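This note sets out comments on the structure shown here. The points are numbered for ease of reply.

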Amino acid sequence: MGIAEFKTLSRYEQVNFLQHRGVFLTVQKTRHYILKLYSLDRFFVELLYDTSLGTVDINVLKGTSKLDYYLEEIKV
């Protein structure tokens, strides 16, 4: 699945797809957020759980610049 096709899915379908077909890489926790990083075919997806509001945001990471935040936690 490519980025364009992934983005056409509903939020529920995106989360479901990530949990069943994505490769979980790492999790980061802050005071108000839980950030989970997944790998799909040729791109990365970040799930942001806002623990204070109970919401979920989904960010498709097209490049690797934002991955620096996670690099220390990923076991290669």
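The points below go from the overall fold to the sheet, the core and the aromatic residues.

1. Basis and overall content. The structure under review is a predicted model. The protein holds two helices and four strands, and along the sequence these follow the pattern α-α-β-β-β-β. Of its 76 residues, 32% count as buried. The protein exposes about 5300 Å², of which carbon and sulfur atoms supply 51%. Among contacts between residues at least 6 apart in sequence, 31% join residues at least 24 apart.

2. Sheet order. The four strands form an open sheet in the order β1-β2-β3-β4, with antiparallel pairing. Strands β1 (23–29) and β4 (55–61) stand at the edges with a single partner strand each, so one side of each is left without a neighbour in the sheet. On average, and with direction ignored, neighbouring strands of the sheet are turned by 20 degrees against each other.

3. Pairing of β1 with β2. These two strands run antiparallel and are joined by six bridges. Three residues lie between them in the hairpin that they form. A register point for checking is Lys 29, whose bridge partner in β2 is Ile 34.

4. Pairing of β2 with β3. Strand β2 covers residues 33–40 and strand β3 residues 43–50; their antiparallel pairing runs over eight bridges. The hairpin that joins β2 to β3 passes through two residues. Two positions fix the register for the reader: Lys 36 stands opposite Leu 47 in β3, and Ile 34 stands opposite Tyr 49 in β3. Ile 34 thus appears in two pairings, with Lys 29 as its bridge partner and with Tyr 49 opposite it in β3.

5. Pairing of β3 with β4. Seven bridges hold this antiparallel pair. The two strands form a hairpin with four residues between them, and Gly 54 in the turn has a positive phi of about 75 degrees. Leu 47 stands opposite Ile 58 in β4, while Tyr 49 stands opposite Val 56 in β4. Read together with the preceding point, Leu 47 has Lys 36 opposite it in β2 and Ile 58 opposite it in β4.

6. Burial of β3. Is strand β3 enclosed or open to its surroundings? Six of its eight residues are buried, so β3 is largely enclosed by the rest of the structure.

7. The nonpolar core. The largest nonpolar core has 11 residues: Phe 6, Val 15, Phe 17, Leu 18, Tyr 38, Leu 40, Phe 43, Val 45, Leu 47, Ile 58 and Val 60. At least two residues of this core come from each of α2 (11–21), β2, β3 and β4. Leu 47 and Ile 58, which stand opposite each other in the sheet, are both members of the core.

8. Contacts of Val 60. Which residues does Val 60 touch, not counting those up to four places away in sequence? The contacts of Val 60 are Ile 3, Phe 6, Lys 7, Phe 43, Phe 44 and Val 45. Phe 6, Phe 43 and Val 45 are also listed in the core, as is Val 60.

9. Aromatic pairs. The structure holds three aromatic pairs. In one of them, the ring centres of Phe 24 and Tyr 38 are 5.6 Å apart and the planes stand at 70 degrees, so the pair is edge-to-face. This pair links distant parts of the chain, with Phe 24 in strand β1 and Tyr 38 in strand β2, 14 residues apart. Phe 24 has 43% relative accessibility and therefore counts as partly exposed. Tyr 38, at 6% relative accessibility, counts as buried. Phe 6, Phe 17 and Phe 43 form one aromatic cluster, and these three residues belong to the core as well.

10. Thr 26 and Tyr 38. Thr 26 lies in strand β1 and is buried, with a relative accessible area of 5%. Thr 26 and Tyr 38 are 12 residues apart in sequence, and their C-alpha atoms are 7.5 Å apart in space. Tyr 38 therefore deserves attention in two settings when the model is inspected: as the ring partner of Phe 24 and as a member of the core.

Key. Residues numbered from 1 in each chain as written. Predicted model: local features only at pLDDT ≥ 70, side-chain atom pairs only at ≥ 80, totals over all residues. Heavy atoms only, no water. Pairing = 2+ DSSP bridges. Axes fitted to C-alpha atoms, helices over the stretch in contact; angles between N-to-C directions. Phe/Tyr/Trp six-rings, centres within 6.5 Å; stacked < 30°, edge-to-face > 60°. Buried < 20%, exposed > 50% of the residue type's maximum accessible area, 1.4 Å probe, protein only. Core = buried A, V, L, I, M, F, W, Y, C linked by side-chain atoms within 4.5 Å. Contact = heavy atoms within 4.5 Å. Areas by Shrake-Rupley, 256 points an atom, 1.4 Å probe, with all protein chains shown as cover.
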